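I opened this entry to look up two things: what surrounds the ligand, and what lines one of the pockets. My notes follow in that order.

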Amino acid sequence: MTITNRSLFDRASQLLPGGVNSPVRAFRSVGGEPFFTARAQGAYLWDVEGQRYIDYVGSWGPMIAGHAHPEVVEAVARTARDGLSFGTPCALEVEMAEVLTRLVPSLEMVRMVNSGTEATMAAIRVARGATGRQRIVKFEGCYHGHGDAFLVKAGSGALTFGLPDSPGVPKALADLTLTLPFNDFNAATALFERHGDDIAGLILEPVIGNANCILPRDGFLQHLRQLCSQYGTVLIFDEVMTGFRVALGGAQEHFGVTPDLSTFGKIIGGGMPVGAYGGKRELMSQVAPAGPIYQAGTLSGNPVAMAAGLATLALIQTPGFHDRLEAKTSQLVDGLEAAAADAGLRFTTTHVGGMFGLYFSGEHIDSYAKSVASDTQMFRRFFNGMLERGIFLAPSAFEAGFMSAAHSEQDIADTVAAASEVMAELAGG
Ligand SMILES: *Cc1c(COP(=O)(O)O)cnc(C)c1O
């Protein structure tokens with residue numbers, strides 16, 4: 001029997017919840033069924049039926065150098081021959097810590113973990129442990145992994161306590177998470193005036209990449225920095241997505257704001273499961289075994305994962321890497337906007353560095369409310385039209401897109417040409 005996407009999804013659906021190991025892969029919000037990737041190279045994925053896709057998902061961020069980059073694959077193969085995991089320290093962990101702290105100046109010390117979720121959970125624990133406070137603040141639309149403290153939505157009315165956003169999240173824990181609207185200066189000020197002395201940490205994506213792609217308004221990150229300093233709250237930038245993508249030194253370099261702690265993942269693993277958190281020495285030296293705040297990991301700092309991450313980080317330090325990435329991203333979004341204008345569609349984009357957002361909306365998107373008000377039905381039709389033409393966009397209207405160094409001018413031109421066709425169809429009704 002030949003293997004097809006359909007047959008694999010049927011088998012998967014018997015044994016894996018929803019047929020997948022991470023929800024957004026299931027295509028629920030765009031309709032249809034996911035394809036199963038057999039192979040990836042450069043800017044492309046090939047599914048098990050041999051169809052090629054130009055890929056703007058990039059494994060949800062890590063594949064900034066392109067899929068299966070020969071230098072990354074070679075580093076992994078070379079390292080694997082010496083053993084897959086040691087349970088003792090190894091030199092590659094030291095190298096990784098040296099590279100991360102050199103590229104991101106706010107990192108004075110760092111701890112490696114195995115995912116972005118682990119990194120954010122640990123960062124919050126450090127903020128609580130170091131301040132002796134319990135409350136944390138997050139922003140509507142920001143995603144920080146699936147830790148209980150983050151699966152919380154705003155209660156009704158301003159300045160109320162959070163409600164569980166998933167069954168299984170204890171109400172008592174959700175109560176400790178306060179939620180703010182992104183880019184709202186006054187709401188942040190008011191919340192701190194009321195609760196500032198109880199807030200251990202404030203965590204945010206400095207560019208929201210998990211509600212499409214929402215940039216901070218001028219001065220917003222600086223405003224949060226000021227509030228956190230005033231109230232003794234630990235400012236945590238979740239750079240799991242923006243780190244090494246928005247700029248070599250992350251969003252904190254791009255916007256010139258220094259957090260107390262930062263979290264990383266995705267790119268620093270080069271496609272392997274890796275996360276990291278770090279920041280001020282004064283905070284990080286309280287982590288076990290240097291200090292009393294407990295956090296551990298059997299596979300943390302895994303040599304093969306470190307090798308993949310280090311090889312990727314070496315590639316993106318090539319002079320001009322991020323300028324070229326940004327130029328390609330601009331070229332893509334400009335092309336898509338022109339195609340939409342030709343078709344007479346209400347459409348807008350956002351982008352920074354190597355990430356972008358696409359919206360079927362007539363508004364400039366600078367808030368979560370505007371992002372969710374965009375036309376998701378149109379996005380769904382656009383997504384499927386592009387997929388039929390071999391272009392793979394994030395299968396949700398609320399996920400950022402990613403450019404890689406492997407995308408060629410021709411790939412971008414082909415993407416824009418496909419979009420022109422699809423948008424003409426959409427405009428036709
Ligand atoms: C992906 C992501 C996470 C979670 O990382 P995982 O490795 O999926 O656990 C956390 N924060 C942000 C901003 C992310 O984009």
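For the surroundings of the ligand, I counted a residue as near if one of its heavy atoms lies within 4 Å of the molecule. I kept in mind throughout that this is a predicted model.

Entry 1, the ligand shell. Which residues surround the ligand? I found Ser115, Gly116, Thr117, Tyr143, His144, Gly145, Glu205, Asn210, Asp238, Val240, Met241 and Lys266. Sorted by class, this shell holds 3 nonpolar, 6 polar and 3 charged residues.

Entry 2, polar contacts. I looked up individual atom pairs and noted that a polar side-chain atom of Thr117 sits 2.6 Å from an oxygen atom of the ligand, while a side-chain N or O atom of Lys266 is 2.6 Å from an oxygen atom of the ligand. For Tyr143 the pair involves the backbone, with an N or O atom there 3.2 Å from a nitrogen atom of the ligand. I then checked the surface, and of the 380 Å² that the ligand exposes when taken alone, the protein buries 83%.

Entry 3, the second largest pocket. I recorded a volume of about 380 Å³ for the second largest pocket, and 17 residues in its lining, with Glu93, Val110, Arg111, Met112 and Ala288 lying nearest its centre. Which element gives the most to this lining? Strand E4 does, with 4 residues; helix H3 (91–103) and strand E4 (109–113) each supply at least two. By class, I noted 11 nonpolar, 4 polar and 2 charged residues in the lining of this pocket.

Terms used
Residues numbered from 1 in each chain as written. Predicted model: local features only at pLDDT ≥ 70, side-chain atom pairs only at ≥ 80, totals over all residues. Heavy atoms only, no water. Polar contact = N/O pair within 3.5 Å; in protein donor to acceptor, adjacent residues only side chain to side chain. Areas by Shrake-Rupley, 256 points an atom, 1.4 Å probe, with all protein chains shown as cover. Nonpolar A, V, L, I, M, F, W, Y, C, P; charged D, E, K, R; others polar. 1 Å grid on protein atoms, 1.4 Å probe; cavity = no way out; pocket = protein on both sides within 12 Å on 5 of 7 lines; lining within 4 Å. Points joined across faces, edges and corners; volume = space filled by probe spheres on them.
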